[in-house]
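The report below walks through one molecular structure, with attention to backbone geometry and to how its parts pack together. Please keep the coordinates open while reading.

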Amino acid sequence: MLHGGHLLSVLIFFPAAGALALMMLRGDDHKYIRYIVLIVSAAEFFFSLLMLRYVRVGDTGYRLEEFAHWINQPPINYHLGVDGISIFLVILTTFLTPISVLASWKSIEHRVKEFFVMLLMLEVGGVGVFLSLDLFLFFLFWEVMLIPMALLIGIWGHERRVYAAVKFILYTMAGSIFMLVGIIWLYNATNTFDLPTIQNMLATGLLALSPRTEMLLFLAFFVAFAIKVPLFPLHTWLPDAHVEAPTAGSVMLAGVLLKMGTYGMIRFCLPLFPGASHRAARWVALLAIIGIIYGALVAMVQPNLKKLVAYSSVSHLGFVVLGIFAFHNISMQGAVYQMLAHGVSTGALFLLVGMLYDRRHTFEISEYGGLATPMPKLAAFFLFVALSSLGLPMLNGFVGEYLILLGTYQRHWQWASWAALGVILSACYLLWSYQRVFFGEITKEKNRTLPDASAREKWILITMAVVTLWMGIGSVFITRRTAADSQAVIDQVEPQRPYEAAAPVRPGQQAARVAPGVASADSPERSGTR
Amino acid sequence: MNSAIPTIADFYRVLPELLWCGFGLLAMFLQPFVRNRHFFTALAFIGALAGMAGSFLSFRNPGAGFYGLIQADAFSFFFHLLVGTVAVLVVLAAGPYLDRERLPFAEFYALLLFATAGMGVLASAQELLTAFIGLEMSSISSYILAGYRRDALKSGESAMKYFLLGSFATAFFLYGIALVYGATGTTRLDMMVDADPSGTLLKLGLSMILIGLGFKVAAAPFQIWTPDVYEGAPTPVTALFSAGPKAAAFALLLRIFATVPAATHFWFWAFWILAVLTMFAGNLGALVQTNIKRLLAYSSIAHAGYILVAFAAVTSMAKGGRAEAAVAYAAVLFYLLSYALVKLGAFTIVSQLGGAGEKNLSLDDYAGLSQRQPIVAAMLSIYLLSLLGLPVTAGFFGKFYIFKAAVNSHLLWLAVLMAINSIIGAYYYLRVIVLMYMREPSAESAAAAPVGFPLTVNVVLAVTAIGTILFGLMPNPVINFILQPTLFGH
């Protein structure tokens with residue numbers, strides 16, 4: 001492991017081993033279980049930091065690759081690798097898991113053992129998704145994640161938990177089953193499930209899909225990812241899932257699961273189907289912009305605090321999708337950065353909302369008001385996190401949104417102008433809700449005596465705040481490492497575009513560049529429509 | 001081969017059937033003399049295992065036996081092992097059930113072994129009349145087994161329905177054989193290779209055979225009997241029905257359509273329509289069920305539909321080669337294997353939880369099961385997730401291979417329809433899981449003591465659950481075996 005030989009396998013199977021060990025334990029000693037899970041997930045976090053040594057600035061391509069034959073007919077391989085984009089998503093996953101463990105320290109009282117087993121399995125799935133370089137393996141982890149998440153919502157959630165869990169699982173499964181058909185179809189064209197091999201075939205021209213096939217394949221993948229992101233109008237499962245999930249579930253949902261969708265777009269949609277991505281970009285951007293504004297507007301009128309944060313996710317993830325489909329290196333890096341920043345700051349928001357819920361057992365904003373008096377510390381943290389989420393400079397949210405808007409503006413100034421509305425609106429809904437919850441007179445007697453943050457909660461929040469601040473100031477640490485690989489993705493979508501020399505391209509020109517491909521491509525045998 | 005006297009190798013080729021029949025007869029014979037009921041469980045267990053062992057001998061002597069009536073090859077070996085495993089597991093699961101319901105042991109096991117022998121004949125038959133004998137052997141035993149709980153009304157109804165509709169279907173099958181004979185001048189499948197596939201008489205004959213077997217596999221529109229029969233039959237028998245006869249009938253169907261020239265538009269569309277109808281009939285029907293046995297019955301209709309998708313792929317191979325057809329055969333075989341394991345496991349749990357007289361069959365009885373019996377709930381979840389087709393289970397690979405066969409043959413629409421059906425299916429499988437894990441048990445079931453699971457039942461559950469996970473993690477050995485080019489011995 002010192003030379004990183006099987007580091008990635010360790011990352012995937014260490015929490016799985018932890019979960020297995022936990023299953024063997026007796027279920028009634030809750031304290032013991034919590035400490036074990038905390039140690040396992042913290043150790044996992046430090047393991048994941050080891051990857052940083054192998055992902056050097058300026059390198060591209062997959063590192064720490066692991067390859068083993070798994071199934072020979074059809075050839076499915078256990079192929080792992082990490083690059084500048086996935087490494088931080090893995091670290092985000094391993095960072096949020098111990099935080100979630102701490103957040104559930106007191107609030108989970110029944111079936112404690114099962115809860116933490118599910119949480120660790122969730123981590124296994126998340127890390128596996130981000131590290132898989134085999135389409136089949138990717139799909140496997142993608143699907144495996146569903147069950148622990150659905151159970152987290154359905155067993156330890158709030159009143160309408162069962163409805164939310166079933167809705168979540170059916171939505172996601174509907175998307176992924178079509179992705180499975182797409183994966184098999186792609187296999188039919190390439191005879192391999194190996195992502196680097198397929199990318200190689202595309203680069204060398206060995207694989208040429210007709211525009212129609214490419215578009216259908218793109219859609220098969222894209223819809224699955226768009227549901228997960230979630231992109232407007234496929235977002236309706238998200239508010240339900242978030243509101244009903246326990247705090248840890250919400251943190252993992254916002255921090256990890258949503259990122260799987262945007263990661264899939266970067267990793268699969270763009271590099272594998274560049275032509276279709278180009279043709280779809282305008283429509284995807286339209287949906288992303290609608291999502292940004294719609295999510296923000298709905299968040300503004302939410303009477304339910306947790307739903308407000310959930311809709312703010314829809315809005316923030318819209319930025320990420322926009323940044324990806326602007327095909328510009330800066331916006332791509334911004335998208336990756338925003339994925340991480342959203343994971344941290346929205347995660348922190350959910351933690352804070354969860355702490356309020358632990359005290360009052362309600363998410364209704366009208367039940368709160370004037371909380372800054374009884375709990376000044378919590379109020380300060382909430383303000384800090386809200387500011388980071390709305391994109392205050394020096395904090396993490398700013399970097400992502402700024403890079404996305406900057407990059408997008410250079411390609412399509414109209415897109416960026418519309419999206420910028422979202423920045424203004426996010427300030428409105430976050431500050432307004434903050435005002436209603438923490439300022440003003442105390443209207444409910446119960447609120448007068450609420451305890452401030454406990455030591456455990458304080459340490460959680462301090463950690464989150466430090467990371468938020470560090471990501472805002474030290475963003476170069478991350479962007480230097482993502483730069484080369486995001487450029488590699490852009491190069492695969494637009495091989496002819498030189499580094500950073502982006503001239504604004506109008507939609508007309510773009511269509512003209514795609515057109516020759518359309519004209520030359522053949523589709524005499526309408527493959528696969530019987 | 002042309003000599004009038006069968007060689008010893010011929011007997012090796014039917015050794016599994018001989019052993020199963022022999023042990024069945026032995027059980028009937030010993031019934032008046034042996035008092036110990038568990039003796040018969042042991043006898044049937046050994047008999048079923050002996051048949052499986054015999055199938056190795058049959059596999060070692062490949063080729064046509066008894067003047068081409070039967071064919072011992074990798075294909076028949078696979079199905080002998082499959083129905084043998086089903087028989088072994090049903091024997092183990094049935095012991096405690098018969099004990100609880102105070103039903104006679106010996107006849108049950110004898111009938112079970114006869115049915116298994118019939119399924120074995122179906123799997124290796126290469127001549128249509130031989131196949132008919134196999135079909136009758138397995139069917140008639142099944143009719144009796146369905147009505148084995150004589151004093152239960154539902155059981156009688158089940159047997160009566162199964163018998164009436166079943167004999168109707170068998171008649172179709174027989175007519176079909178006659179017409180095929182008229183068209184080709186032979187009843188031996190291997191001599192029909194050069195038949196003209198466009199002849200009306202052959203089409204008509206094969207259609208009737210397809211109807212007869214479509215009834216056995218519960219393909220829509222011949223599926224109406226399934227829920228009632230599955231519900232009324234004793235649950236271990238239901239487990240047998242859903243795994244054994246179905247696999248055997250699919251085996252015969254596969255052998256017919258892999259041998260007789262059938263890669264024509266006519267057959268392609270026939271299977272296409274059958275598959276779509278069956279998938280939708282099963283899944284939509286299952287959505288509204290409140291009885292677990294009926295739910296699983298509808299689910300088994302749906303799964304027959306998925307398997308028929310692979311048949312559509314087999315018959316659309318007009319431009320494809322044998323390699324593509326082999327993928328579709330392999331998909332069917334793997335699917336039947338994964339499906340049999342899962343259904344056996346699930347019905348065994350249902351049989352055990354049903355309680356005396358099979359009273360607790362409503363879905364509500366499963367509410368909060370994870371709190372009362374966490375291991376049982378986890379097992380049932382594994383089976384349901386495999387039926388749903390979630391990764392790391394055998395059911396996922398089964399579905400994956402069928403998808404692959406469909407996409408290979410450019411049946412994109414069929415693949416999409418199957419995907420839609422998988423989503424509908426997800427809903428009702430999840431409903432059971434949701435009930436077990438996310439709902440509180442009703443007052444009376446919470447008060448009741450946990451249902452005990454005897455050792456033999458635990459063995460069944462362990463074998464099926466481990467098999468489901470194992471084939472979901474490493475399907476290599478099975479897939480390599482069933483993808484061999486000499487699957488049908490030539």
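## Helix α1 of chain A

Helix α1 of chain A covers residues 7-24, and its 18 residues, at 1.5 Å a residue, should span 26 Å, which agrees with the 26 Å that separates its end C-alpha atoms. The model discussed here is a predicted one. Although the end-to-end span of α1(A) agrees with expectation, the helix has a kink of about 30° at Phe13(A), shortly before the proline Pro15(A). That proline, Pro15(A), is itself one of the buried residues of the helix, which also include Leu7(A), Leu8(A), Leu11(A), Ile12(A) and Phe14(A), as well as Gly18(A) and Ala19(A).

Against which elements do the buried residues of α1(A) pack? Their partners in chain A are the helices α2 (30-50), α3 (86-103) and α4 (112-131), together with the strands β1 (63-72) and β2 (75-82).

## The strands and the overall form of chain A

The two strands β1(A) and β2(A) run antiparallel and are joined by seven bridges, while the hairpin that connects them passes through two residues. Within this pairing, Phe67(A) stands opposite His79(A) of β2(A).

Chain A as a whole contains 20 helices and two strands. Its radius of gyration is 23 Å, close to the 24 Å that the globule rule gives for 530 residues, so chain A is as compact as a globular protein of that length. Along the principal axes, the C-alpha trace of chain A spans about 75 × 55 × 45 Å. Of the 530 residues in chain A, 57% are buried; and among the contacts in chain A between residues at least 6 apart in sequence, 81% join residues that are at least 24 apart.

## Backbone points to check

The table gathers backbone angles in the two chains, namely omega for two cis peptide bonds and phi for two residues other than glycine.

| Residue or bond | Angle | Place |
|---|---|---|
| Val229(A) to Pro230(A), cis | omega near -5° | Pro230(A): loop between α9 (211-228) and α10 (237-244) of chain A |
| Phe232(A) to Pro233(A), cis | omega about 0° | Pro233(A): loop between α9 and α10 of chain A |
| Leu64(A) | phi near 55° | strand β1 of chain A |
| Tyr67(B) | phi near 60° | loop between β1 (63-65) and β2 (70-72) of chain B |

Is Leu64(A), with its positive phi, buried or exposed? Leu64(A) has 23 C-beta neighbours inside 10 Å and therefore counts as buried, the threshold being 20 or more. Tyr67(B), by contrast, has 14 such neighbours inside 10 Å and so counts as partly exposed.

## Where chain B meets chain A

In the contact between the chains, 27 residues of chain B touch 29 residues of chain A. On the side of chain B that touches chain A, the elements giving two or more residues are α16 (394-408), α17 (412-438) and α20 (476-482) of chain B, and the largest share, 13 residues, comes from α17(B). By residue type, this side of chain B divides into 21 nonpolar residues, five polar ones and one charged residue.

Methods:
Residues are numbered from 1 along each chain as its sequence is written. Chains are lettered from A and ligands numbered from 1 in the order in which they are written. This is a predicted model: local features need pLDDT of at least 70, side-chain atom pairs count only at pLDDT 80 or more; totals for chains, interfaces and linings use all residues. Two residues are in contact if their C-beta atoms, placed from the backbone, lie within 7 Å. Helices (H or I, at least four residues) and strands (E, at least two) are DSSP runs, numbered from the N terminus. Ala, Val, Leu, Ile, Met, Phe, Trp, Tyr, Cys and Pro count as nonpolar, Asp, Glu, Lys and Arg as charged, and the others, Gly among them, as polar. The expected span of a helix is 1.5 Å times one less than its number of residues. The bend at a residue is the angle between axes fitted to the seven residues ending there and the seven starting there. A residue is buried if 20 or more other C-beta atoms lie within 10 Å of its own, exposed if 12 or fewer, and partly exposed in between; C-beta atoms are placed from the backbone. Two strands pair if DSSP finds at least two bridges between them. The radius of gyration is taken over C-alpha atoms; the globule rule is 2.2 Å times the number of residues to the power 0.38.
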